[in-house]
Amino acid sequence: MTGWFSFLHGEATAGDVLALARVERVLRDAGAAYDVVFSPGFRADGTHFADVDPAAYSRLVFVCGPVHGAQVEELHRRFAHCVRVAVGVSVVDAGSPAVTGFHRVLARDGAGDGPGLDLAARAPALPAVPIVGVVLTHGQHEYGGRRRHEEVAAVLTRWLAGRDCARLELETRLDAHDWRLCGTPAQLEAVLSRLDLVVTDRLHGLVLALRAGVPALAVDPVEGGAKVTAQARACDWPALVPAERLVKASAEGSVGGSVEVSAEVSAEGTLERWWDWCLADGRAEAARIGAGFRAAESVPDGVPDAADGLTAALREASEAAAGR
């Protein structure tokens, strides 16, 4: 079985891979044996065209996507001895060699008949995965030589790439003109409240996640700790990793050998421990903290912040200024 997910310079979309899963289910139910060819850029450990002996196969199935172009035509030449069927595809030009090279084309659209349901719609049900907002900063130059922002971001993003989760890059910066960014705090809170977890090295990434009742895996990107650490303590939030915990492991890991392995495991082990806690007990704890923030708006002795002392400070400062 092939598709655009098979070609070195093709692409693997979620729809294509779900369409493949639908066809796999049909073939398995029919008791048919098959192999799937993947692009090495998509699945390095899969079966690739370079590994395939065309003579070992009698049939070729092309799944989803448009049937056009030189790459599809090359399939017809390489697998000329096979029965070739395209399924769930778009026919752009019915007279092109890419289309006419198939013995049968089970089109979803463009073949003259009414459009058919895309294969992805009836793909097998998928396992649930956590939705994770990622809120990182590369700024804060005021911390000078204590900045570890780039190193922290590199470790976090590399680690997140290996997690089975839906990652959503978010920004606390508001912009009324950039459609990719939220224009109001309410818009950002609407997104945060629908997440399962936030991974962040920003103070407001931590606070706004907890305000929305969502657990946050926070990393302080400043060596020795700074405002993220202070805010985690103020919120009584335990899921905090100091920059040194990640950066030191990464630096030690660059030495090589067994030290590299143990350092990497140590850094990832710390992140994974807090990840698991956030998605388990951390959910209830974040909900409790968020409820406390909201209750403080109506309860005089609720969670205190600096604004509680503002009027007194203004009065005292004014009196002191008048007495000079």
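Me: Before we start on this predicted model, what counts as a contact here?
Reply: Contact means heavy atoms of two residues coming within a set distance of each other. That cut-off is 4.5 Å.

Me: Good. Leaving out residues up to four places away in sequence, which residues does Thr137 touch?
Reply: Thr137 sits in the loop between strand S5 (131–135) and helix H4 (149–161). With residues up to four places away in sequence not counted, its contacts are His149, Asp201 and Arg202.

Me: And is Thr137 buried or exposed?
Reply: Its side chain reaches the backbone nitrogen of Gly139 at 3.1 Å. The cut-off for buried is under 20% relative accessible area. Thr137 has 7% relative accessibility, so it counts as buried.

Me: Let's move to the sheet. What is the order of its strands?
Reply: S5 and S7 run parallel, joined by 4 bridges, with Val132 opposite Leu197 in S7. S7 also pairs with strand S8 (residues 216–220), again in the parallel sense, over 3 bridges. S8 in turn pairs with S9 over 3 bridges, parallel too. The open sheet of 5 strands has the order S6-S5-S7-S8-S9.

Me: Which strands stand at the edges of that sheet?
Reply: The order of the open sheet is S6-S5-S7-S8-S9. An edge strand here has a single partner strand, so one side of it is left without a neighbour in the sheet. The two that fit are strand S6 (166–169) and strand S9 (240–242).

Me: By how much are neighbouring strands turned against each other, on average?
Reply: The pairing in this sheet, S6-S5-S7-S8-S9, is parallel. With direction ignored, the average turn between neighbouring strands is 20°.

Me: Which residue in S9 is the bridge partner of Asp220?
Reply: S8 and S9 are paired in the parallel sense, with 3 bridges. Across that pairing, the partner of Asp220 is Pro242.

Me: Which strands does H4 touch as it packs on the sheet, and what angle does its direction make with that of S8?
Reply: H4 packs on the sheet and touches S5, S6, S7 and S8. Its direction against that of S8 comes to about 150°.

Me: How does H6 run relative to S7?
Reply: S7, helix H6 (residues 203–211) and S8 make a right-handed β-α-β unit. H6 lies across S5, S7 and S8. Its angle to S7 is about 170°.

Me: Which residues of strand S7 are buried on each side?
Reply: In a regular strand, side chains alternate between the two faces of the sheet. Strand S7 (residues 197–200) is covered on both faces. Leu197 and Val199 are buried on one side, and on the other it's Val198 and Thr200.

Me: Over to helix H2 (residues 70–78): why do its buried residues line one face?
Reply: The buried residues in question are Val72, Leu75 and His76. Seen down the axis of H2, they fall within an arc, so they line one face of the helix. On the other side, Ala70 and Arg77 are exposed. The arc is 95°.

Me: What covers those buried residues of H2?
Reply: Val72, Leu75 and His76 are the ones being covered. The cover includes strand S1 (2–3), strand S2 (59–63), strand S3 (83–90) and helix H3 (97–100).

Me: Last one: how far apart in space are Gln231 and Leu203, C-alpha to C-alpha?
Reply: Gln231 is in helix H7 (residues 227–234) and, at 24% relative accessibility, counts as partly exposed. Neighbours within four places aside, it is in contact with Leu203, Leu206 and Val207. Gln231 and Leu203 are 28 residues apart in sequence, while their C-alpha distance is 6.8 Å.

Technical notes: Residues numbered from 1 in each chain as written. Predicted model: local features only at pLDDT ≥ 70, side-chain atom pairs only at ≥ 80, totals over all residues. Heavy atoms only, no water. Buried < 20%, exposed > 50% of the residue type's maximum accessible area, 1.4 Å probe, protein only. Arc of directions from axis to C-beta. Polar contact = N/O pair within 3.5 Å; in protein donor to acceptor, adjacent residues only side chain to side chain. Pairing = 2+ DSSP bridges. Right-handed = clockwise from strand over helix to strand, strands pointing away. Axes fitted to C-alpha atoms, helices over the stretch in contact; angles between N-to-C directions.
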